[in-house]
Amino acid sequence: MREKGLWQFSLWRLLKKLLKADNSFKSGRIIGSMCTSPHPLAERVFRRYLEKNVGDPGLFPATIALEAEAITALASLLGLKNATGYIVSGGTEANILALWAAKKASPPEKREVVLSEAAHFSFDKAASLLDLKLIKVPVKSDGSLNLKQAAQKIGPRTMALVGIAGTTPLGAVDPIPELSQLAEENNLFLHVDAAFGGFVIPFARQLGRQLPEFGFRLAGVKSICIDPHKMGMAVIPAGGILFRQRELAEAIRVPVPYLAGGESALPTIIGTRSGAAVIATWAMLKHLGESGYRAVVKRCLELTDYLAIQLKAIPGLALVTEPAINIVGLKSLRLPNTELAQRLRSLGWAISLFDTHLRIVVMPHLRLSHLKHLLADLRRCIVQPKVHF
Ligand code: PLP
């Protein structure tokens, strides 16, 4: 650190220079991320309430009340009148909290979790932290969990099942009604990871898309992760975790006697927690309402349909499966996928690469013009395999 600090003007100039290499959602070039530009209102609300810390609840009781309202709104979207939950740092923390609660609610001999091989890596972290064993089950050709194989993996050590509503690689939706039934029959905890799909599937269903139910209307579902900082148009950091029963959430609280706002029992993994993110999430839910979110989802799905049709028409490219939501998996029939990804990257496209395919996430920051540009570049990349980029 320097002895003498920088003037603000110089600092802003320096920051502008130093951050030049970062991508921006506004460029329309980020096509592989599950995040997006936050809604301008969320951004403004976030900036105004930066000092709020819900890790000291007694100091900020009004923010805590807004968190409860946000959770109630999310619960109603997910089919429950009252749930206990929190706005946390993201889907990773939400998934860890869910498995932690499941562990607390289970006898010590049950320490296995049955889930899809497409599950997000946050479950690997959760298993390592909580000393659990993940039993990974293959997926079907559409990327959703193979239910029959999942059922066969249930044994005396099984503690929980996880269903995914919008998988990371393909946006596939697991057969959650059937998982719920399995969970009930076998007295297992069922957690649903709807980190991405939670803000898409309910609205897609309202728009007439054929997608399975995944929420709390299914009696076996005990907890759900749903992230406002993905399709919820809120700011980072905003993940969501909801529990059907208060006791599940209570079991993972840790008492903290010394807080400035008075003794409390904190439910999340992190201590100091952004109240601004909580308020910005609340503001989004209030401002957009169901019709606002439905409009966002409608636009993303229409662009996804357009993209899928256009991609199928490009010789040398194929879709992995028909997109269930606004995530498209594609593969090259001419070049290795790694080569195609590299070419696209060299043209400035920030695309995701998985073992079996490339992934495009049609987020709200993408417009038709961006997709047309992408399709033109894809045609160049695939049709002229010998061109040097
Ligand atoms: N769950 C799913 C299905 C995801 O796709 C992701 C992230 O992509 C997560 C959980 C983790 O979310 P975060 O990156 O907010 O921790």
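Here is a quick tour of an aromatic cluster, a charge over a ring, and a sheet with two of its helices. Keep in mind that this is a predicted model. Ring pairs join Phe199, Phe203 and Tyr293 into a cluster, while seven strands make up an open sheet with mixed pairing.

**The aromatic cluster**

- A pair of aromatic rings is described by how far apart the centres are and by the angle between the planes.
- The count of aromatic pairs here comes to two.
- Take Phe199 and Tyr293: their ring centres are 5.1 Å apart and their planes sit at 40°, so this pair is tilted. That label fits because planes under 30 degrees apart count as stacked and those over 60 as edge-to-face, with the rest called tilted.
- Phe199 lies in the loop between β5 (189-193) and α8 (201-206), and Tyr293 belongs to helix α10 (residues 275-312), so the pair ties together parts that are 94 residues apart in sequence.
- Phe199 has a relative accessibility of 1% and counts as buried. Tyr293 is buried as well, with a relative accessible area of 3%.
- Phe203 and Tyr293 form a stacked aromatic pair, with 5.7 Å from centre to centre and 20° between the planes.
- This pair also links distant parts of the chain, since Phe203 is in helix α8 and Tyr293 in helix α10, 90 residues apart.
- Like Tyr293, Phe203 is buried.

**A charge over a ring**

- Away from that cluster's rings, have a look at Arg29 and Trp349: the charged end of Arg29 sits over the ring of Trp349, 4.2 Å from the ring's centre.

**The sheet**

- If you walk across the sheet, the strands come in the order β1-β7-β6-β5-β4-β2-β3.
- At the edges you'll find β1 (84-88) and β3 (133-137), each of which pairs on one side only.
- On average, neighbouring strands of this sheet are turned by 20° against each other, ignoring direction.
- Strands β5 and β6 (residues 221-225) run parallel and are joined by four bridges.
- For a spot to zoom in on, try Val192, which stands opposite Ile224 in β6.

**Helices on the sheet**

- Helix α3 (residues 61-77) packs on the sheet, where it touches β1 and β7 (239-243). The direction of α3 makes about 110° with that of β1.
- Helix α4 (residues 91-104) packs on the sheet too, and the strands it touches are β1, β2 (112-116), β4 (158-164), β5, β6 and β7. The direction of α4 makes about 20° with that of β7.

Notes: Residues are numbered from 1 along each chain as its sequence is written. This is a predicted model: local features need pLDDT of at least 70, side-chain atom pairs count only at pLDDT 80 or more; totals for chains, interfaces and linings use all residues. Side-chain values use heavy atoms; hydrogens and water are left out. Rings of Phe, Tyr and Trp (its six-membered ring) pair if their centres lie within 6.5 Å; planes under 30 degrees apart count as stacked, over 60 as edge-to-face and the rest as tilted. Buried means under 20% relative accessible area, exposed over 50%, partly exposed in between (1.4 Å probe, protein chains only). A charge sits over a ring if NZ of Lys or CZ of Arg is within 6 Å of the ring centre and within 35 degrees of the ring normal. Two strands pair if DSSP finds at least two bridges between them. Axes are lines fitted to C-alpha atoms, for helices over the stretch in contact, and angles run from 0 to 180 degrees between N-to-C directions. Contact means heavy atoms within 4.5 Å.
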